[in-house]
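Q: I am new to reading protein structures and would like a close look at a single part of this one, namely how its helices pack against one another. Please take the pairs slowly, and then place them beside the ligand.

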Amino acid sequence: MPNRLLLKAAQSKQLESFTTRNRFTRPVVHRYVAGYTVQDAWNIAAELKADGIDVSLDFLGESVEDLAQVPDAIREYRTAMERLAEVSPGATISVKLSQLGVLIDPQQCAEHLEDLLHTAAEYNIGVELDMEHSSAGRPTLEIFRQFLPRFPRLRQAFQSYLRSTLADLASFDDVQPCIRLVKGAFDEPVTLAFQDAAEVTNQYKYLSAWALQHLPDPAFGTHDESCISYVIYLAKELNIAPSDFEFQMLYGIRRDRQRELAQQGYRVRVYLPYGAQWYPYLMRRMAERPANLMLFLRSAIGK
Ligand code: FDA
């Protein structure tokens, strides 16, 4: 399970300010983040596409404290979409609703999302909603439900560590949702989330089987080999074609496996973040694998 201390550090504004101004951290940042500009992201999206890998582009930023920041994020996504489908046909964008102000004003957040959804449709680009900490989880899910009938290809991330996930998935009656199944990357209390890594993995496998049998075009966001091979095994058992589901992985993690799956004929999509606000994203990646932290700390102190 993600390391709790590192997840707390992900929320520290002081550490954020120290590390983001520190030029020595750049090499480690670049392992997980496409770069600072949309051009960096387009370049990497095109490279991945040449290897048969799709992307989901994430303009980094989350938990805005002021709604005045939201239009900048919308503008950036619009700019990103102008060339995205050209450099990587089939690409999607991934959006965190806390970046659109869901924690401040869910109604305004929904209006901003609608704006983005229309622009994305014009460019023939899919939209995926990340699932964040549970404080943003319920409002995110409500907005997703509200848009699903009109935008049935909108994809929502669901976390296998949450005890409520199966009930949430089973609660859709008319339009069945497209989902991205992930284990979950935030610090949650035991009342809401399984804490034991093996239990989260078992739950992931159970929900994978459920999604393959009940939901359209599920996406499996994981680097865990046991989960990946379980999905491959189940799909074969259930006679589900590789074109009817996809694997998703994060940029910079298990690159060889990404290519190998694509070469074997599976659909693979890489979550590709870019922008200056990389700190909380990167700290969550450290929390998933604390061994990465030594590399990061050494770079931060210039060693
Ligand atoms: P697990 O953590 O067990 O890792 C399995 C193996 O993968 C490790 O043994 C290691 O080899 C490798 N690995 C995993 N993380 C690594 C890292 N950081 N650095 C290097 N190697 C690593 N979460 C969330 O709460 N909301 C969301 O919307 C999303 N969205 C999302 C999209 C996509 C495409 C992915 C792949 C993941 C997410 N996540 C997420 C993150 C997810 O919840 C989870 O924290 C990570 O994927 C790690 O879990 P794994 O399933 O990879 O297994």
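A: What follows goes through the helix pairs in turn and then comes to the ligand.

The model is a predicted one, and its helix pairs can be read with a simple scheme. Two packed helices are described by the angle between their axes and by the distance between those axes.

Let us start with helix H10, which runs over residues 225–237 and has 13 residues. From its first C-alpha to its last, H10 reaches 18 Å, which is close to the 18 Å expected at 1.5 Å a residue. After H10 comes Asn-239, whose phi is positive, near 60°.

The partner of H10 in this packing is helix H9, residues 197–214, and the axes of the two come within 10 Å and cross at roughly 25°. Angles under 35 degrees count as roughly parallel, and H9 and H10 are therefore roughly parallel to each other. Their crossing is right-handed. On the H9 side the contact is formed by Thr-201, Tyr-204, Lys-205, Ser-208, Ala-209 and Leu-212, which meet Ser-226, Cys-227, Tyr-230, Val-231, Leu-234 and Ala-235 of H10. Sorted by class, this contact of H9 with H10 holds eight nonpolar, three polar and one charged residues. A general point helps in reading such lists: an α-helix has 3.6 residues a turn, so residues three or four places apart point the same way.

The next pair is helix H4, residues 38–50, with helix H5, residues 70–87, whose axes lie 10 Å apart at an angle of about 15°. That angle makes H4 roughly parallel to H5. H4 passes H5 in a right-handed crossing, and the contact is made by Val-38, Ala-41, Trp-42, Ala-45 and Ala-46 of H4 together with Thr-79, Ala-80, Arg-83, Leu-84 and Val-87 of H5. By class, the residues where H4 meets H5 are eight nonpolar, one polar and one charged.

The last pair is helix H6, residues 106–122, with helix H7, residues 134–147, whose axes come within 11 Å and cross at roughly 50°. That angle makes H6 oblique to H7, and the crossing is right-handed. H6 contributes Pro-106, Cys-109, Ala-110, Leu-113 and Leu-117 to the contact, while H7 contributes Pro-139, Ile-143, Gln-146 and Phe-147. The contact of H6 with H7 has eight nonpolar residues, one polar residue and no charged residues.

Finally, we can turn to the ligand, which is surrounded by 23 residues, the closest being Asp-130, Ala-157, Gly-221, Thr-222 and His-223. At least two residues of this shell are supplied by each of strand S4 (155–159), strand S5 (178–182), strand S7 (246–250) and helix H12 (279–288). The largest share, three residues, comes from S7. The shell around the ligand divides into nine nonpolar, seven polar and seven charged residues.

Definitions and conventions: Residues numbered from 1 in each chain as written. Predicted model: local features only at pLDDT ≥ 70, side-chain atom pairs only at ≥ 80, totals over all residues. Near = placed C-beta within 6 Å. Helix = DSSP H or I, 4+ residues; strand = E, 2+ residues; numbered from the N terminus. Nonpolar A, V, L, I, M, F, W, Y, C, P; charged D, E, K, R; others polar. Expected span 1.5 Å × (residues − 1). Axes fitted to C-alpha atoms, helices over the stretch in contact; angles between N-to-C directions. Parallel < 35°, antiparallel > 145°, perpendicular 65-115°, else oblique. Left-handed = near helix turned anticlockwise from the far one by under 90°. Contact = placed C-beta atoms within 7 Å.
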